[in-house]
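Welcome! Below is a guided walk through one protein chain, starting with its overall layout and ending with a few individual residues.

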Amino acid sequence: MSDSIHQEIVFAAAPARIYRALIDSGEHAAFTANGAAEISREVGGAFSTHGGHILGRNIELVPDQRIVQAWRVKDWPDGMYSVIRFELKEEGATTRLVFDHWGAPEDQRDHLADGWTARYWEPLQKYLAS
């Protein structure tokens with residue numbers, strides 16, 4: 001398994017706005033532009049994003065503060081999951097999103113780290129600014 005991926009991104013939006021974009025099926029699909037998303041808003045509930053390419057379950061949901069999920073790419077071996085955590089910290093008129101991803105296959109670490117930036121943080125910045 002890989003070392004963890006740790007990223008911190010500052011958004012010009014309130015924590016509640018970012019939380020909603022990450023956990024709401026329609027908003028998630030809109031900002032990622034990568035196909036349908038079905039995201040449960042319940043602890044233990046399932047999610048599917050990027051048109052079914054990413055799958056998992058919600059482990060912890062603290063509205064406007066934290067999302068922790070068991071997360072996997074659909075073509076990983078059956079039963080293989082990693083864990084991701086989005087932590088939202090209000091900083092005046094901005095929010096610092098502290099992101100950690102651990103337990104992914106080591107040979108995919110760099111690809112995943114780049115993917116979070118290209119498929120989440122950059123599009124989310126644009127989405128929130130519109």
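Two strands are said to pair if DSSP finds at least two bridges between them. Helices (H or I, at least four residues) and strands (E, at least two) are DSSP runs, numbered from the N terminus. This is a predicted model, in which local features need pLDDT of at least 70 and side-chain atom pairs count only at pLDDT 80 or more, while totals for chains, interfaces and linings use all residues. Residues are numbered from 1 along each chain as its sequence is written, and side-chain values use heavy atoms, with hydrogens and water left out.

## The whole chain

The chain holds three helices and seven strands. Read from the N terminus, its elements follow the order β-α-α-β-β-β-β-β-β-α. The radius of gyration, taken over C-alpha atoms, is 14 Å, close to the 14 Å from the globule rule for 130 residues, so the chain is as compact as a globular protein of that length. That rule is 2.2 Å times the number of residues to the power 0.38. The C-alpha trace spans about 40 × 25 × 25 Å along its principal axes.

How much of the chain counts as buried? The share is 46% of the 130 residues, where buried means under 20% relative accessible area, exposed over 50% and partly exposed in between (1.4 Å probe, protein chains only). Contact means heavy atoms within 4.5 Å. Of the contacts with a separation of 6 or more, 44% join residues 24 or more positions apart.

## The sheet

Strands of a sheet pair through backbone hydrogen bonds, either parallel or antiparallel. Here the seven strands make an open sheet in the order β1-β7-β6-β5-β4-β3-β2, with antiparallel pairing. β1 (5-11) and β2 are the edge strands, each pairing on one side only.

The table gathers some of these pairs, with one pair of opposite residues for each.

| Strands | Bridges | Opposite residues |
|---|---|---|
| β2 and β3 | two bridges | E38 and S48 |
| β3 and β4 | four bridges | A46 and R57 |
| β5 and β6 | six bridges | A70 and V83 |
| β6 and β7 | nine bridges | E87 and V98 |

Let us look at β3 (residues 46-49) a little longer. In a regular strand the side chains alternate between the two faces of the sheet. F47 and T49 sit on the covered face of β3, and A46 and S48 on the uncovered one. F47 also stands opposite G56 in β4.

Three hairpins are worth finding in the picture. The hairpin of β2 and β3 has six residues between the strands, and G44 there takes a positive phi near 90 degrees. Four residues separate β3 from β4 in their hairpin, with H50 in the turn at a positive phi of about 55 degrees. In the hairpin of β6 and β7, two residues lie between the strands, and G92 in the turn has a positive phi of about 65 degrees.

## The helices

Axes are lines fitted to C-alpha atoms, for helices over the stretch in contact, and angles run from 0 to 180 degrees between N-to-C directions. The axes of α2 (residues 25-32) and α3 (residues 109-129) come within 8 Å and cross at roughly 100 degrees. α2 and α3 are therefore roughly perpendicular (65 to 115 degrees) to each other.

Which residues of α2 and α3 meet? E27, H28, A30, F31 and T32 in α2 touch R119, Y120, P123, L124 and Y127 in α3. By class, this contact has six nonpolar, two polar and two charged residues. Ala, Val, Leu, Ile, Met, Phe, Trp, Tyr, Cys and Pro count as nonpolar, Asp, Glu, Lys and Arg as charged, and the others, Gly among them, as polar.

α3 also lies across β1, β3, β5 (66-73), β6 (82-91) and β7 (94-102), and runs at about 10 degrees to β1.

## Two residues to visit

R20 belongs to helix α1 (residues 15-23). With 35% relative accessibility, R20 counts as partly exposed. R20 and D64 are 44 residues apart along the chain, with 7.7 Å between their C-alpha atoms.

Is I84, in strand β6, buried or exposed? I84 is buried, with a relative accessible area of 0%. Not counting residues up to four places away in sequence, I84 touches I67, V68, Q69, W71, F99, D100, H101 and W116. The C-alpha atoms of I84 and I59, 25 residues apart along the chain, are separated by 9.6 Å.

Notes:
Angles under 35 degrees count as roughly parallel, over 145 as roughly antiparallel, 65 to 115 as roughly perpendicular and the rest as oblique.
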